Amino acid sequence: MLRITDNTLTGFDKCLPSKEDLHLFCRLLREIGIDVIEISLAAYEKMEYLPDDGKYILQVDYAEDIDRYTGFYRYTCHFHENLENLMPEIQINDIREIIKLRAISHCRELRIAGLDDLMCNGYDKAMEEIKKNLPNTKVNLNPENTYHCASAMAIQWLLSYGTDVTVSFAGHKNNGATEEVLMALRLVVRHKPNKDLTVLPALTKLYEKITDTNISNKKPVIGKCIFKVESGIHADAMSKNPAIYEAYEPACVGGKSELVIGKHSGTKAVKMKLEELLLPVPEETVILKMLDKIKEVCSDSRSSLCDEEFAQIAAKVGANEGNKIHR
Amino acid sequence: MKEIKYIVDTTLRDGEQSPGIALRREDKLKIAKLLDNVGVYEIEAGIPCLGQSESDCIGEIVSCARNAKISVWSRMNVEDVKKSLVCKPHILHIGTPVSYIQIYSKLKKNKAWVQKNILDCVDISLSKGIDVTVGLEDASRSDIGFILSLIKELKKSGVKVIRLADTVGVLTPGRTKEIVETIKAHTDIEVEMHVHNDLGMAVANSIIGAKAGAAYVDCTLFGIGERTGNCNFYDFIHASEEIFQFAMTKKQVRELEAECYELLKGAM
């Protein structure tokens, strides 16, 4: 069974939100299918209590904290004692350090963090080597994202070598991104297809509020503009079968396709937009004139059109052409 | 000795297709010149069939290029191919749907029709002395048997490079390796990786594709492009410069980004 740990809540110590927001963050993580939620001591103290649902890991600095803070599924730390419910963490920054794992093969569980450059250095052999050096250890891989390959490494680990990874929402703390790994698993191995990802926009909004940052418009799975379509060929396909240019239905992550009119739009896209805005659809010659005007305006502004701008162009060109409407 | 890999920059084609930007003639010329100066092997300059001004602009880019090859994108359509050749590109890139969903649902045709049409299009371009790259669209969701049989016919007709397009961005590193290695094992065609970032794996898949034998990697400045974008030029160089030899350094790419930021920020 695959087990995904999200440790975003260990990265909020400098911007700790309210108790309610922390609980809401946990609830939304559980809803999208996170198996285990890891939290820092500071976040736990702010939360005051653990939610009733789900499994939680506490990140601790000292062994005695394990007895002090009870009720957690696991504890993570940077020391390598073989204590009950303890998942020690080791940082490996170079593939040549993998051999050193033999020294801690007594650990029942171990999180390996780092390995940023594994994609260039033969991830398959390195992952085999990790397994070989730790034959009796349950390994949780926490790849880091210096080279923008962390989600890919987490996926390869889950698909071929191990069952446990640690990631964080939006790739917080330089980790693989929770939402990317969840979506890749859903598409590749149909992992948890019944889980509700439609709460992702709410989770994104909460994350942005807590961290006082804006998620990139193009961020995979959660970016605000990733379902906008402009080019003629893609707009045409949208009308025939959206799956032609979509890896998954936007609705399943709480999004929706949006047709944008711009320099790359064709006649079909213009007709579709007119219909969407409940505007009259003129004959082809008028649409071609609209397209000329659209390209001119977009080049001048170096941008695409918003619906209001498009409607104004449609009205103006339509009026000039004497309303040659065919439907 | 590091393996040499060639960057194909598609900022001016796939990148510009991203909603939010519309480059002017002077913008495209400026970006093309900067890409040429930095040592990009090939600049995909646009789609001539978009209109006369686009075609004229691409023609200017071709005449200004000093080192880079200038390619243009065309649909797999004889008329479009003829129009695309007017601006005299060094390379014609023909987008060729190969997945069943694209062939049967988008084109409403069949595999035999695709094969005949692409060979006709290739023939027109090569007869005019213009090299062709065939873009296997949606290759990541395609039947590898059809891809291999099509590549064999393309090779016979004179095509030297195919573009392996992960059109909807669903490849994983393992699957990328499998596809590229299979193509390299069964054919002697050159492979160009063209991946999208829908699952956040564009850089990883480009690295793995190149390691598996792809000589060319498609990138865009800032990773702009449809939906979540394409493979980010800087990130790819940064991630793989230890194992691959490129014509440019990551510092040069950063400087290039700084010069183009204002023109491209609308797509980010």
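Student: In this predicted model, how far apart are N and O where the side chains of B:Lys251 and B:Glu255 meet in a salt bridge?

Tutor: Start with where they sit: both are in helix 11 of chain B, four residues apart, which is about one turn of the helix. Their side chains meet in a salt bridge, and the N to O distance is 3.1 Å.

Student: Does B:Lys251 count as buried or exposed?

Tutor: The cut-off for exposed is over 50% relative accessible area. B:Lys251 has 58% relative accessibility, so it counts as exposed.

Student: Which parts does the pair B:Arg163 and B:Asp218 tie together, and how many residues apart are they in sequence?

Tutor: These two side chains form a salt bridge at 2.9 Å, N to O. B:Arg163 belongs to strand 7 of chain B and B:Asp218 to strand 9 of chain B, so the pair ties together parts whose separation in sequence is 55 residues.

Student: And is B:Arg163 buried or exposed?

Tutor: Buried means under 20% relative accessible area. B:Arg163 has 2% relative accessibility, and its partner B:Asp218 also has 2%. So B:Arg163 counts as buried.

Student: In what order do the eight strands of the chain B barrel close?

Tutor: The pairing here is parallel; strands 7 and 8 of chain B, for example, pair over six bridges. The barrel's order is 2-3-4-5-6-7-8-9.

Student: Which residue is the bridge partner of B:Ile162 in strand 8 of chain B?

Tutor: Strand 7 of chain B covers residues 161–166, and strand 8 covers 190–195. In strand 8, the partner of B:Ile162 is B:Val191.

Terms used
Residues numbered from 1 in each chain as written. Chains lettered and ligands numbered in written order. Predicted model: local features only at pLDDT ≥ 70, side-chain atom pairs only at ≥ 80, totals over all residues. Heavy atoms only, no water. Pairing = 2+ DSSP bridges. Helix = DSSP H or I, 4+ residues; strand = E, 2+ residues; numbered from the N terminus. Salt bridge = Lys/Arg side-chain N within 4 Å of Asp/Glu carboxyl O. Buried < 20%, exposed > 50% of the residue type's maximum accessible area, 1.4 Å probe, protein only.
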